[in-house]
Amino acid sequence: MSRRIVEGFLAGFDLLVTPTMACLPPLVGAWRAGADDNPLMPLLNSYPMGVFTSVFNVTGQPAISLPIHHDDATGLPVAVQIVAAPWREDLLLQVSRILELAHPWADRRPPVS
């Protein structure tokens, strides 16, 4: 996907809000599962973790991920990604600050096992 296509899409919106990942955070090293049998497995295993963020990383759009929730069952953080149009980092940071104040996360820690 080209930068111009993404910029054209974003031109119709002030901000785009997506999940950060298509899954809960996996266990450390889980992305390597199956690599001994199929060298493509790490890539396939990683896909749900980058499906929403990768297009904006590659095209250079300003985006931020905010851990505004925790999964009740696991205690793991659940984040949203906010994307702005080019050169609208000001709006992105303003909205991020408001969300941080409404859903503070600095003192929250998931359980460690």
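This tour moves from the whole chain to its sheet and then to one helix that packs on that sheet.

The model is predicted, so local features need pLDDT of at least 70 and side-chain atom pairs count only at pLDDT 80 or more, while totals for chains, interfaces and linings use all residues. Residues are numbered from 1 along each chain as its sequence is written, and side-chain values use heavy atoms, with hydrogens and water left out.

**The whole chain**

Begin by selecting the entire protein chain, whose C-alpha trace spans about 45 × 35 × 15 Å along its principal axes. Its secondary structure comes to four helices and three strands, where helices (H or I, at least four residues) and strands (E, at least two) are DSSP runs numbered from the N terminus. If you follow the sequence, these elements come in the pattern α-β-α-α-β-β-α. Of the 113 residues in the chain, 22% are buried, a word that here stands for under 20% relative accessible area, with exposed meaning over 50% and partly exposed in between (1.4 Å probe, protein chains only).

**The sheet**

Next, select strand 1 (15–19), strand 2 (63–70) and strand 3 (77–84). Together the three strands form an open sheet in the order 1-3-2, with antiparallel pairing, and two strands are said to pair if DSSP finds at least two bridges between them. Strand 1 and strand 2 are the edge strands, each pairing on one side only. From one strand to the next, the twist averages 25°.

Zoom in on strand 2 and strand 3, which run antiparallel and are joined by six bridges. One pair to pick out is Leu 66 with its bridge partner in strand 3, Val 80.

**Helix 4**

Now select residues 89–102, which make up helix 4: its 14 residues reach 20 Å from the first C-alpha to the last, close to the 20 Å expected at 1.5 Å a residue (the expected span being 1.5 Å times one less than the number of residues). Within helix 4, colour Leu 91, Leu 92 and Ser 96, which are buried. Looking down the axis of helix 4, you will find its buried residues within an arc of 130°, so they line one face of the helix; the arc is that of the directions from the helix axis to the C-beta atoms.

What covers these buried residues includes strand 1, strand 2 and strand 3. Finally, turn to the face of helix 4 directed away from its buried side, where the exposed residues Leu 93, Ile 98 and Leu 101 are found.

Terms used: Contact = heavy atoms within 4.5 Å. Axes fitted to C-alpha atoms, helices over the stretch in contact; angles between N-to-C directions.
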